[in-house]
Amino acid sequence: MNQDRRILNAILSKDIFDYVLVDKAFRITAASQGVERYLSSQPKVGDDAFVYLPELVGNEEEVLQVFSRKYSLFTLESVEKNNYYVNLSVEYFDEKQAMILFHNITVMTLARQGIMQKSNEATLLHTMLQKIIDSLSSLLFVVDRKGEIAFANQRYREYFGGDKNVHLYRYIGRGLDDYDALCTYLGDKEVPVEMGDDTFMVQAIQIESMYQLFTLSRVTTIVRENFHLSQELQYDSLTGVYRKKFFDERLEQLLKNGEPFVLVVVDIDNFKSINDTYGHTLGDEILREFTYVIKGCLRKNDLIARWGGEEFVFALRTNEIDDAMTRMEALRKKIARHTFPKVNHLTASIGISWNTHCPCETAESILRRADTAMYVAKNEGKNRVQLAPKETCREMCS
Amino acid sequence: MIRKKVVMIGDFGVGKTSLIRRYVDNAFDDSYLATIGVKISRKALHLEDMECELLIWDTEGSSPIKGLPYSYFKGASGAIFVCDVTRDETVNHLNEHINTFLMLNNAAKHVLAYNKADLLPFHQQETLRQSLPGNAFLTSAKEDVDVDLLFSILAKEMLL
């Protein structure tokens, strides 16, 4: 036994290495005893090497080079064979044989597999979470301790492009100068912020002590829809003045705050005959024109609403009854002088009342007195301005 | 006996091992076990009176931290590129994998497996199937959809 063979046997005895010798025709010429565990059965001399070592198929040329070049080597790493992992290396043995060495790396490879398994699972989870975060309709970004954006989701990137220096805190308008200040200001509240044409609700969450998560939920559409809805709820679609319900709320507020006002009810005389004669389309046109005329006689802070039909109600922001009377008389004349389409001239009857400051006074009672005064004006010949009769508090409260 | 080396290539977790298990053993296991290194499975075939054996190399998938295992590609007569239809990034990586493989084996044949079709609603399966190129198959190792077809088409390409 030569020196090389002694060294080889010493290595093989450690149960880490096994071998198969093959000739140039890929026939097995020898094999170590331990090789059986990798190959399922012990190969015999003369067996086809490809049957036991399909790894050689397709690599025949590389293997044959080993026979002619003493220092050439063909290797395959981490090959699973019969539930073992081996590194295969084909080395020069002599001029007629190549040695296929099996290096058992099972223990090390299984440990590597465990790590790879965890790594792959973590990558899958990370990818899935990334997709979930990117699919959120909110803009989301994370700021680190240095105040720099450490992460931003796809919606954020799409909205702000590549700009990482958006400085959201500047849009809040409270003199905030960094994300710490913004986080403190927001607390656990959602705060609206306008950026360009959009409105967002901003929320902050402190993630441990390292990161701050900010979410911006775009509410532009909701804000616009709310605006349109409140417009529809507040304003009469035909004339553009307040609806009576909204006027009542404002009137209650004036009363509650003790703000002065004089209440006026105006009704167009003989309007039913206009509708009956000319139809509702012209009736609507006249109502719009009538509104235009009366708005011209009101001041900026006066309130006006359409009570219904051809009846309007104002709250003149004054506590001077004489002043109110003068202005309403001027309005009456202006209406009478104005030329309306088709009907030419119209008149209106006007009733006026005021807050008596009696404890039982309500917006409804003031309105009722103005309405009664307006009917008195009608009954006394129309085209008149009528003050509500003075009542004592006792009379009113009884 | 003609023996042909076929390599399974794709990102990790796309179902390369499952396709082989379905094709060779007609079995399926839902649990995921990462392949490390390479494992060779054999499948005997009769093609027009020809006895042949496919030696199917199940290689570990590429991941963001580990690229393709090029050392296993050499000498392959064919390749099956696998992606997961529910993970866009695995589909997007196909071209890169194909180019890498063909640089090493320019005469090799290849087919594509758009795997895990069972996870898509039926109408999406149909839409996707119609949009696939001729050498691509919508497969499901779980439901055994077009797995035999995938391998047999490649075998014919390599042998006939």
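**Exercise 1. Chain A in outline**

What percentage of the contacts in chain A with a separation of 6 or more is accounted for by residues 24 or more positions apart? State also the secondary-structure content and the buried fraction of chain A.

*Solution.* The model is a predicted one.

Step 1. Residues 24 or more positions apart account for 49% of the contacts in chain A with a separation of 6 or more.

Step 2. The secondary structure of chain A consists of 14 helices and 16 strands.

Step 3. Chain A has 398 residues, of which 28% count as buried.

**Exercise 2. The sheet shared by chains A and B**

Determine the strand order of the open sheet of eleven strands and identify its edge strands.

*Solution.*

Step 1. The order of the strands is 2(A)-1(A)-5(A)-4(A)-3(A)-2(B)-3(B)-1(B)-4(B)-5(B)-6(B), and the pairing is mixed.

Step 2. Strand 2 (28-31) of chain A and strand 6 (136-138) of chain B are the edge strands, each pairing on one side only.

Step 3. Direction ignored, neighbouring strands of this sheet are turned by 30 degrees against each other on average.

Step 4. Helix 5 of chain B packs on the sheet, where it touches strands 1, 2, 3, 4, 5 and 6 of chain B. The direction of this helix makes about 170 degrees with that of strand 5 of chain B.

Step 5. Across the two chains, strand 3 of chain A pairs with strand 2 (residues 38-47) of chain B in the parallel sense, over two bridges. A:V79 has B:V38 as its bridge partner in strand 2 of chain B.

**Exercise 3. Pairing around strand 1 in each chain**

Why is strand 1 (residues 17-22) of chain A largely enclosed by the rest of the structure? Describe the pairing of strand 1 in chain A and then in chain B.

*Solution.*

Step 1. Strand 1 of chain A is largely enclosed because five of its six residues are buried.

Step 2. With strand 5 (residues 98-104) of chain A, this strand runs antiparallel and is joined by six bridges; here A:D18 stands opposite A:F102.

Step 3. With strand 2 of chain A, strand 1 of chain A is again antiparallel, joined by three bridges, and A:V20 has A:A31 as its bridge partner. The hairpin of these two strands has five residues between the strands, and in it A:F26 takes a positive phi near 60 degrees.

Step 4. Strand 1 of chain B is mostly covered, with seven of its nine residues buried. This strand pairs in the parallel sense with strand 3 of chain B over seven bridges, with B:K4 opposite B:L54.

Step 5. Strand 1 of chain B also runs parallel to strand 4 of chain B, joined by five bridges, and B:V6 stands opposite B:G78.

Step 6. Strand 3 (residues 50-59) of chain B is further joined to strand 2 of chain B by ten bridges, in an antiparallel arrangement; B:L47 stands opposite B:M50.

**Exercise 4. The contact between the chains**

How many residues of chain A are in contact with chain B, and which elements supply them?

*Solution.*

Step 1. The contact involves 21 residues of chain A and 22 residues of chain B.

Step 2. On the side of chain A, strand 3 (73-81) and helix 5 (106-135) each supply at least two residues.

Step 3. Helix 5 of chain A gives the largest share of this side, ten residues.

Step 4. By class, the side of chain A that touches chain B has seven nonpolar, ten polar and four charged residues.

**Exercise 5. Cores and helix packing**

Locate the nonpolar cores, and classify the packing of helix 1 against helix 5 in chain B.

*Solution.*

Step 1. The largest nonpolar core has 67 residues; among those with the most contacts inside it are A:I100, B:V6, B:A79 and B:A113. Helix 5 (residues 147-159) of chain B gives the most to this core, with six residues.

Step 2. A second, separate core has 42 residues, including A:V266, A:L287, A:I352 and A:A377.

Step 3. Beyond residues up to four places away in sequence, B:A79 touches B:V6, B:V7, B:I9, B:F101, B:A108 and B:H110.

Step 4. Helix 1 (residues 16-25) and helix 5 of chain B pack at an angle of about 85 degrees, with their axes 9 Å apart. Helix 1 of chain B is therefore roughly perpendicular to helix 5 of chain B.

Step 5. In this contact, B:L19, B:R22 and B:Y23 of helix 1 meet B:V147, B:D148 and B:F151 of helix 5. The contact of the two helices has four nonpolar, no polar and two charged residues.

Key
Residues are numbered from 1 along each chain as its sequence is written. Chains are lettered from A and ligands numbered from 1 in the order in which they are written. This is a predicted model: local features need pLDDT of at least 70, side-chain atom pairs count only at pLDDT 80 or more; totals for chains, interfaces and linings use all residues. A nonpolar core is a set of buried Ala, Val, Leu, Ile, Met, Phe, Trp, Tyr and Cys residues joined through C-beta atoms within 7 Å. A residue is buried if 20 or more other C-beta atoms lie within 10 Å of its own, exposed if 12 or fewer, and partly exposed in between; C-beta atoms are placed from the backbone. Helices (H or I, at least four residues) and strands (E, at least two) are DSSP runs, numbered from the N terminus. Two residues are in contact if their C-beta atoms, placed from the backbone, lie within 7 Å. Ala, Val, Leu, Ile, Met, Phe, Trp, Tyr, Cys and Pro count as nonpolar, Asp, Glu, Lys and Arg as charged, and the others, Gly among them, as polar. Two strands pair if DSSP finds at least two bridges between them. Axes are lines fitted to C-alpha atoms, for helices over the stretch in contact, and angles run from 0 to 180 degrees between N-to-C directions. Angles under 35 degrees count as roughly parallel, over 145 as roughly antiparallel, 65 to 115 as roughly perpendicular and the rest as oblique.
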